[in-house]
Amino acid sequence: MPSVIIETGFHTNISDAAALQDPVFRTASMKGVEKGYRLFREGKGCLPLKAEPIGGINLSQGDSQQVDVAFEGYPQYPIQLITTNVGCPPGWTCTDGRVHIEAPDAKPSQITLRCENAGSAPILWDTQVVDDDGVKSPPVRHWVQCIRRPGGAVARPGAPVGVEPATAG
């Protein structure tokens, strides 16, 4: 049976000593120990939580589209897919989104992107995976281009564009 020595800090190091007094640090470090043991027991390697790139999409005013959020790593469920707006055109309303996923499933995790605006500038989003232990993937940047429906009127300023708070799909 393999053995391991786990050192989370040294009381003789000023920074480590302060961290060891922090209950948040102690909880996070023990969750890491538990995860390492669990992954070893399950025969899985240690992979960082990482979302795969998400392609940009074009949406007509009033349309929505489900987008797969593929990731690698072994998150502790439930997880959340958190989408944050990082580039909203002036005068538009862009709404962030959060999708809660209880357990791993055979189908991909998805977010629903929607557009109620029309225009020529892309709307920029960052999406990341956050697991139940607080482990966060680096955000993945993607875009939605809202376009005018053929023969339709230009969207009204201030109409929302964003991510629908959907359930896992």
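Is Ile6 buried, partly exposed or exposed? In this predicted model, Ile6 is partly exposed, with a relative accessible area of 48%. The residue is found in the segment before helix α1, which spans residues 14-20. Its C-alpha lies 8.0 Å from the C-alpha of Val33, although 27 residues separate Ile6 and Val33 in sequence.

Charged side chains come next. Side chains of opposite charge can pair when their charged atoms come close. The model holds four salt bridges by the distance rule applied here. One of them joins Asp133 to Lys31, with 3.9 Å between the closest N and O atoms. Asp133 belongs to the loop between β9 and β10, while Lys31 sits in helix α2 (residues 23-41), so this pair ties together parts of the chain that are 102 residues apart in sequence. Both partners fall into the partly exposed class: the relative accessible area is 21% for Asp133 and 32% for Lys31.

A further salt bridge links Arg38 and Glu34, at 2.9 Å from N to O. Here both residues lie in helix α2, four residues apart, or about one turn of the helix. Arg38 is buried, at a relative accessible area of 11%, whereas Glu34 is partly exposed at 35%. The side chains of Glu42 and Lys44 also form a salt bridge, and their closest N and O atoms are 3.3 Å apart. Glu42 is partly exposed at 38% relative accessibility, and Lys44 is likewise partly exposed, at 36%.

Asp131 presents another situation. This residue is placed in the loop between β9 (122-130) and β10 (140-147). What is the nearest side chain of opposite charge to Asp131, and how far away is it? The answer is Lys35, at 4.0 Å, yet Asp131 has no salt bridge and is buried. For readers checking the numbers, the salt-bridge cut-off is within 4 Å, and the distance to Lys35 is given as 4.0 Å with no salt bridge assigned.

Which backbone atoms, then, does the Asp131 side chain reach? One is the backbone nitrogen of Gln76, at 3.0 Å. Another is the backbone nitrogen of Val135, which lies 2.8 Å from a polar atom of the Asp131 side chain. With neighbours within four places in sequence left aside, the residues in contact with Asp131 are Lys35, Leu49, Pro75, Gln76, Pro78 and Ile79. Gln76 therefore appears both in this contact list and as a backbone partner of the Asp131 side chain, under the 4.5 Å contact limit.

Ile79, also in contact with Asp131, leads on to the strands. Strand β5 covers residues 79-87 and pairs with strand β7 (residues 97-101) in the antiparallel sense, over five bridges. Within this pairing, Ile79 has Ile101 of β7 as its bridge partner. Strand β5 also pairs with β9, again in the antiparallel sense, this time over seven bridges. In that pairing, the bridge partner of Thr83 is Thr127 of β9. In a regular strand the side chains alternate between the two faces of the sheet.

Technical notes:
Residues numbered from 1 in each chain as written. Predicted model: local features only at pLDDT ≥ 70, side-chain atom pairs only at ≥ 80, totals over all residues. Heavy atoms only, no water. Helix = DSSP H or I, 4+ residues; strand = E, 2+ residues; numbered from the N terminus. Buried < 20%, exposed > 50% of the residue type's maximum accessible area, 1.4 Å probe, protein only. Lys, Arg positive; Asp, Glu negative; His and termini not counted. Polar contact = N/O pair within 3.5 Å; in protein donor to acceptor, adjacent residues only side chain to side chain. Pairing = 2+ DSSP bridges.
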